[in-house]
Structures are given as structure tokens and as C-alpha cells.
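Reader: I would love a close look at one part of this model, with a little context around it. Could you walk me through the pocket and its surroundings?

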Amino acid sequence: MSRAGIVAMALTGCALVSACGEKPQTNAQGVKYDAVPWSGTGEQANTGTVFTAPGWKVGDKTAWEQQIKTRMLGQNEYNKEN
């Protein structure tokens, strides 16, 4: 094998091994949220945004969880088909 072939194989091997050394792109503190999800988009109930369900009160965790469960059941294709 020629010297150029050996150098080419060595460079290819280095390139392949260096691709395995990527560090994970994670935050040292983990996921940080600005506020809890059920805090809503405003400070008062029904603040007039399209993202707030009618009748929902800001900070009501149980109502928020119930709304998420309702949405989940409505989007389940198995329930729609059967």
C-alpha cells in the first residue's frame, strides 16, 4: 500500500471516530419553565386571548388537567374509529 493510501485511511478513520465524540446538548440545570403551565396567558380569567378556554380560571390546576385529558381523548384516532 502506498504512503498516500495509508494517509487517506488514517484521515478517514479520524473523521469517523471524531463524529462519535459529540457532547449532548443539554442544560446543566435541566428544563426550566418560566411559570407552571396552568398559570395561563394572563392574570385574570377569560383575558380575551384565543389560547384561554372559556370559563377556565387562572391558576386552577385541576381544571387545566381535566382540559388536557379532554383534549387527549378528543384527538385519539382509535376512539374515533371504533
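Reader: To set the scene, what percentage of the 82 residues in the protein chain do buried residues make up? After that, please take me to the largest pocket.

Author: Happy to! Please keep in mind that this is a predicted model. Buried residues make up 2% of the 82 residues in the protein chain. The chain has three helices and zero strands, so its pattern, read along the sequence, is α-α-α, with helices counted as DSSP runs of at least four residues.

Now to the pocket. The largest pocket has a volume of about 220 Å³. Its lining comprises 11 residues, and those nearest the centre are Phe51, Thr52, Trp56, Trp64 and Arg71. Sorted by class, the lining of this pocket has six nonpolar, four polar and one charged residues.

Phe51 is a good residue to pause on. It sits in the loop between H1 and helix H2, the latter spanning 61-74. Phe51 counts as exposed because its relative accessible area is 67%, and the cut-off for exposed is over 50%. Along the chain, Phe51 and Gly40 are 11 residues apart, and their C-alpha atoms are separated by 8.5 Å.

For some context beyond the pocket, turn to helix H1, which covers residues 3-19 and includes Met9. Met9 has a relative accessible area of 51%, so it too passes the cut-off of over 50% and is exposed. Together with Met1 and Ile6, Met9 makes a nonpolar surface patch of about 380 Å².

Notes. Residues are numbered from 1 along each chain as its sequence is written. This is a predicted model: local features need pLDDT of at least 70, side-chain atom pairs count only at pLDDT 80 or more; totals for chains, interfaces and linings use all residues. Side-chain values use heavy atoms; hydrogens and water are left out. Patches are made of residues with over 30% relative accessible area and no salt bridge: like charges are joined within 9 Å, nonpolar side chains (Val, Leu, Ile, Met, Phe, Trp, Tyr) within 5 Å. Accessible areas come from the Shrake-Rupley method with a 1.4 Å probe; for residues, only the protein chains shown count as cover. A salt bridge is a side-chain nitrogen of Lys or Arg within 4 Å of a carboxyl oxygen of Asp or Glu. Helices (H or I, at least four residues) and strands (E, at least two) are DSSP runs, numbered from the N terminus. Buried means under 20% relative accessible area, exposed over 50%, partly exposed in between (1.4 Å probe, protein chains only). On a 1 Å grid over the protein atoms alone, a cavity is a set of points where a 1.4 Å probe fits but cannot get out, and a pocket is an open set with protein on both sides within 12 Å along at least five of seven lines; lining residues have an atom within 4 Å of a point. Grid points are joined across faces, edges and corners, and a volume is the space filled by probe spheres set on the points. Ala, Val, Leu, Ile, Met, Phe, Trp, Tyr, Cys and Pro count as nonpolar, Asp, Glu, Lys and Arg as charged, and the others, Gly among them, as polar.
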